[in-house]
Protein chains: 2
Amino acid sequence: MPFPQTEAPGALQTALLTRGIRMTKQRRIILGIIETASQHLDAAQILRKAVRIDANINRVTVYRTLGLLKRHGLVDELDLLHVKGEGHFYERRPQRDHMHMTCLRCGKVQEFESDLFDRVKGQVERDCHFHILVARFEIGGYCSGCRK
Amino acid sequence: MPFPQTEAPGALQTALLTRGIRMTKQRRIILGIIETASQHLDAAQILRKAVRIDANINRVTVYRTLGLLKRHGLVDELDLLHVKGEGHFYERRPQRDHMHMTCLRCGKVQEFESDLFDRVKGQVERDCHFHILVARFEIGGYCSGCRK
DNA sequence: CCCTAACTTGCAACTTTGTTGCAAGTGCAG
DNA sequence: CTGCACTTGCAACAAAGTTGCAAGTTAGGG
């Protein structure tokens, strides 16, 4: 489950408006769904939730809005090691990067922040002269419940 | 580019035979391509190379062989942050995990091993009681050449 | 408050990537 | 050499995402 977001609700909407991007009924609905999600959603799940709010929202609009958010660095795209299929999952870009651990048996996704993780990124920037814009650390294995 | 493999050529084939898996002409060709690749290949690239060796090799066989190798933990599947499209890239599972840094401008992929990376995994295993089977660390940004 | 240009949407058709059922072919243990 | 389980190729399918275009909507300037 994503970490609780500390910013005010509507932060994604605000971020887009600040960038001079036009706000529409459809976008407001999709942004709201992403902001209030209690778990990582894929495009199909976002569409299903959106349709319950406004039956006319189209699949294409969901993809286009996700593309917009990605281009602006406002969401991260995960694949969670394809444990649940070929699609992608989305989460608001967090203040601080974290890892995702997906259980290969039960499918549960845990998140984990770590200073060591931040330090690896620092090392890559320094030692490889690489300017990091996105860092995705995805782990698969057995969670504490399934491991026994 | 993948790290040079220190094992003898044919190691993938040997690994499958040891597991009692039947060897076919098609599998030998596909394994050879993966073993001698100088960069990460996706399914379509593997198929193209395979067809040059034996014109009858089928797309489906490539996917099934990749699935077999994945199930046996002999290759890792990467998406390199989808900088080059929606597909997946494959590499022989290395002795030691490494990160992949994909340049968002020129598309070049660098690899990097790090003690800190190994230590993060140790931390996850201990602190989260999570038994790691796969760890994928993918970074996107600008490489030293494109950064200036 | 209204006009208008620029942007956004929905639709349908399409592309790409990967999967499946099945008949025919093949590897390999005995 | 033989048999049978395993593998292949084919064709059809499925899932995920993209594109062109006509119609609809947003928001800034007058």
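This section describes the contact between chains A and B, the surface near DNA strand C, and the strand and helix packing within chain A, as seen in a predicted model.

The two chains meet through 32 residues of chain B, which are in contact with 32 residues of chain A. On the chain B side, at least two residues each are supplied by β4 (99-103), β5 (109-112), α5 (115-128), β6 (131-142) and α6 (144-147). Of these elements, β6(B) provides the largest share, with 12 residues. Sorted by class, the side of chain B that touches chain A consists of 19 nonpolar, 8 polar and 5 charged residues. Strand pairing also links the chains: β6(B) and strand β6 of chain A (residues 131-142) run antiparallel and are joined by 11 bridges. Within this pairing, Ile132(B) of β6(B) stands opposite Gly141(A).

The surroundings of DNA strand C comprise 25 residues, drawn from both chains. Those that come nearest are Gln26(A), Asn58(A) and Thr61(A) from chain A, together with Met23(B) and His88(B) from chain B. Four helices each supply at least two residues of the surface near DNA strand C, namely α2 (25-36) and α4 (59-71) of chain A and α3 (43-53) and α4 (59-71) of chain B. The surface has 10 polar and 7 charged residues, alongside 8 nonpolar ones.

Helix α2(A) also packs against another helix of chain A, α1 (residues 11-18); their axes come within 8 Å and cross at roughly 130°. Because of this crossing angle, α1(A) is oblique to α2(A). On the α1(A) side, the contact is made by Ala11(A), Leu12(A) and Gln13(A), and on the α2(A) side by Arg28(A), Leu31(A), Ile34(A) and Glu35(A). By class, this contact between α1(A) and α2(A) has 4 nonpolar, 1 polar and 2 charged residues.

Chain A further contains an open sheet of 3 strands, in the order β1-β3-β2, with antiparallel pairing. The edges are occupied by β1 (41-42) and β2 (75-78) of chain A; each has a single partner strand, so one side of each is left without a neighbour in the sheet. Strand β1(A) runs antiparallel to β3 of chain A (residues 89-92), and 2 bridges join the two. In β3(A), Phe89(A) is the bridge partner of Asp42(A).

Methods:
Residues numbered from 1 in each chain as written. Chains lettered and ligands numbered in written order. Predicted model: local features only at pLDDT ≥ 70, side-chain atom pairs only at ≥ 80, totals over all residues. Near = placed C-beta within 6 Å. Nonpolar A, V, L, I, M, F, W, Y, C, P; charged D, E, K, R; others polar. Axes fitted to C-alpha atoms, helices over the stretch in contact; angles between N-to-C directions. Parallel < 35°, antiparallel > 145°, perpendicular 65-115°, else oblique. Contact = placed C-beta atoms within 7 Å. Pairing = 2+ DSSP bridges.
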